[in-house]
Every structure is written in structure tokens, then in C-alpha cells.
Amino acid sequence: MIENRIKYILQDNKRIAIMGGTFDPIHFGHLIAAETVREKYNLDKVIFLPSGNPPHKDKRRVTSKEDRYNMVQMATASNKYFDVSRMEIDRDGYTYTIDTIREFVSVSSKGTDIYFITGADAVYDILTWKDADELLSVCRFIAVTRPGYNKKELEEEINTIKSNHKCNINVLEIPDIAISSTDIRQRVMKGSFIKYLVPEHVEAYIRKHAIYQNRGGHNE
Ligand code: NAP
């Protein structure tokens, strides 16, 4: 079920982005990407959507949904344009992006533009996602890249998808921000610093709850 707060955002605004990801943990790269997209596309709101149980993930290797949600909430609280939805956190069974987007669309006002922001890796397997054609036609996709990505290969992939499917996929390059959740998890495991990579509250949460200390992630 959609939280009332999120429902009002969807009803009252015309340009909304959904920022989907595992966020294990959320870091400054995600926040900069969301803010960059918001500014570039003149968006009213960015709703962060921590993933629940996506079918392609090994559940044992992903940090608990509540911990990931709490960290996203802390990281986004100070930005009035950001919000967080528990939609996928609270759903039982596997979570598919299309199911969430359908619910969002069902409460949004007519003519609302919905963007879906996620990592550029998603472009390579998006056609395997549930009801991919519907998803691609309902949302404008923003694929966020990190330094070192293969631009030519990504463009070719997008062109192939575009030639066979009705869709709107854009690439957003975030220059010089090479922060990754994997690196942060490994740093915690090794005892290296994560200050300046994640917001202070998120670092404090990771330390307090001893997340990532044993294996770069912990169990549900
Ligand atoms: P992921 O494991 O969280 O991340 C894959 C890569 O993309 C990582 O390099 C990650 O960097 C980056 N990334 C992820 N989200 C990002 C974001 N919002 N902004 C910038 N970079 C991001 O991703 P995933 O599990 O593939 O999931 C991504 C989204 O796609 C989720 O919303 C998920 O539910 C959805 N999805 C849906 C289906 C389906 O419906 N069948 C299937 C697959 C994925 P970091 O590690 O640094 O975050």
C-alpha cells in the first residue's frame, strides 16, 4: 500500500522521479545523482525506493530491508525535494519495479511525468524485468553512470533497445564521483574510513548497528 505522504506527493506534483536501488548503503554518489537529475529535469520531487526482494538478488547477501530503509531516510531527510517510500520494503514475496510503478501511476494525477533513476547496469538487463515493455513506456529511464564506464557499449545497448521498444532512456554521467556501495562495505570490513563517502548519520548508523563488519553486508 502506498503511504499517504507519498500519495499526496504523486497527486500534487507533475514531475516526479523514482530513485530505485538496493542502497546497501546509500552514499553521496546516489544523493548527488538524484539532485543532479532533479535540477536537470526540473523535477518537483525525487522519491527514493529502496528495493525489497528483487528476484535477481541473493537475499542472504543483502542488508536487512529496515536497515537500508533507515539509512536512506536519514540521508535524504535534509532535502525538501527528497522523500522515501516503503512500498517495496513492506511488500511480501519478490518485488518487481512494474508493480510499484503501476501503483504510483494509479494515484498520480493525469499528465504526470514519471522518471525512474537507477544505475546504468540496469540497462543491460532491463528487458528481462517483469513487463519490461509496459515499464519502459510508462517511465522515462535515467541511467546513472560512474567514471570508467564504457560509453560506447552503453550507447549501443540503448540504441538496440530503442530500435525494438517504445522507450525513453537517458544517460546521466556523474563526473568524478567514483563512490560505490560495494567499496563502502569493503572499507567497513577492512576498518578503513567511510567519512566523506556517506552522510554522517549513515556512518553513525553503520557503526552503531555493526553493519558490514563481517562480510560486507548482513542478513535479513
Ligand atoms: P543494485 O544492485 O543496487 O546496483 C547495481 C549497480 O547500479 C551498482 O553499481 C549500483 O551502485 C548502481 N546503482 C543502483 N541504484 C542506483 C541509483 N539509484 N543511482 C545510481 N547508481 C545506482 O541495483 P539493482 O538490484 O539492479 O536494482 C536497481 C533497481 O532496479 C531497483 O529499484 C530494483 O528493484 C530494480 N530492478 C527491478 C527488477 C524487476 O522488476 N524485475 C530487476 C532488477 C532490478 P551502488 O552499489 O553504489 O549503489
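His30 lies in helix H2, which covers residues 28–40, and in this predicted model His30 is buried, because its relative accessible area of 17% falls under the 20% limit. Setting aside neighbours within four places in sequence, His30 is in contact with Met19, Phe23, Pro25 and Ser181. Two of these partners, Phe23 and Pro25, belong to the loop between strand E1 and H2, and the backbone of that loop deserves a careful look.

**Backbone of the loop before H2**
- The peptide bond that leads from Asp24 to Pro25 is cis, with an omega near 5°, and Pro25 itself is placed in the loop between strand E1 (15–21) and H2.
- Phe23, found in the loop between E1 and H2, has a phi near 50°, which is a positive value in a residue other than glycine.
- Phe23 counts as buried because its relative accessibility is 3%, under the 20% limit.
- As background to both features, most residues other than glycine have a negative phi, and most peptide bonds are trans.

**A positive phi after H9**
- Tyr212 is placed in the segment after helix H9 (200–208), and its phi, near 75°, is again a positive value in a residue other than glycine.
- With a relative accessibility of 0%, Tyr212 counts as buried.

**Nonpolar cores**
- The largest nonpolar core holds 36 residues, of which Met19, Ile26, Val46, Phe48, Met71, Ile117 and Ile206 touch the most other members.
- Apart from that core lies another one, made up of 27 residues that include Leu10, Ile101, Leu135 and Ile169.
- Met19, one of the contacts of His30, is also in contact with Val46, whose other partners beyond four places in sequence include Ala17, Ala34, Arg38, Tyr81, Phe82, Asp83 and Ile117.

**The chain as a whole**
- The secondary structure of the chain amounts to nine helices and six strands, and its C-alpha trace spans about 45 × 40 × 35 Å along the principal axes.
- The radius of gyration is 17 Å, which agrees with the value near 17 Å that a compact globule of 220 residues would have.
- Of the 220 residues, 50% count as buried, while the accessible surface comes to about 11200 Å², with 47% of this area belonging to carbon and sulfur atoms.
- Among contacts between residues at least 6 apart in sequence, 77% join residues at least 24 apart.
- The chain carries 32 positive and 31 negative charges, and the mean positions of these two sets are 2 Å apart.

Methods:
Residues are numbered from 1 along each chain as its sequence is written. This is a predicted model: local features need pLDDT of at least 70, side-chain atom pairs count only at pLDDT 80 or more; totals for chains, interfaces and linings use all residues. Side-chain values use heavy atoms; hydrogens and water are left out. Helices (H or I, at least four residues) and strands (E, at least two) are DSSP runs, numbered from the N terminus. The radius of gyration is taken over C-alpha atoms; the globule rule is 2.2 Å times the number of residues to the power 0.38. Buried means under 20% relative accessible area, exposed over 50%, partly exposed in between (1.4 Å probe, protein chains only). Contact means heavy atoms within 4.5 Å. Accessible areas come from the Shrake-Rupley method with a 1.4 Å probe; for residues, only the protein chains shown count as cover. Lys and Arg count as positive and Asp and Glu as negative; His and the chain ends are not counted. The place of a charge is taken as NZ of Lys, CZ of Arg, CG of Asp or CD of Glu. A nonpolar core is a set of buried Ala, Val, Leu, Ile, Met, Phe, Trp, Tyr and Cys residues joined through side-chain atoms within 4.5 Å.
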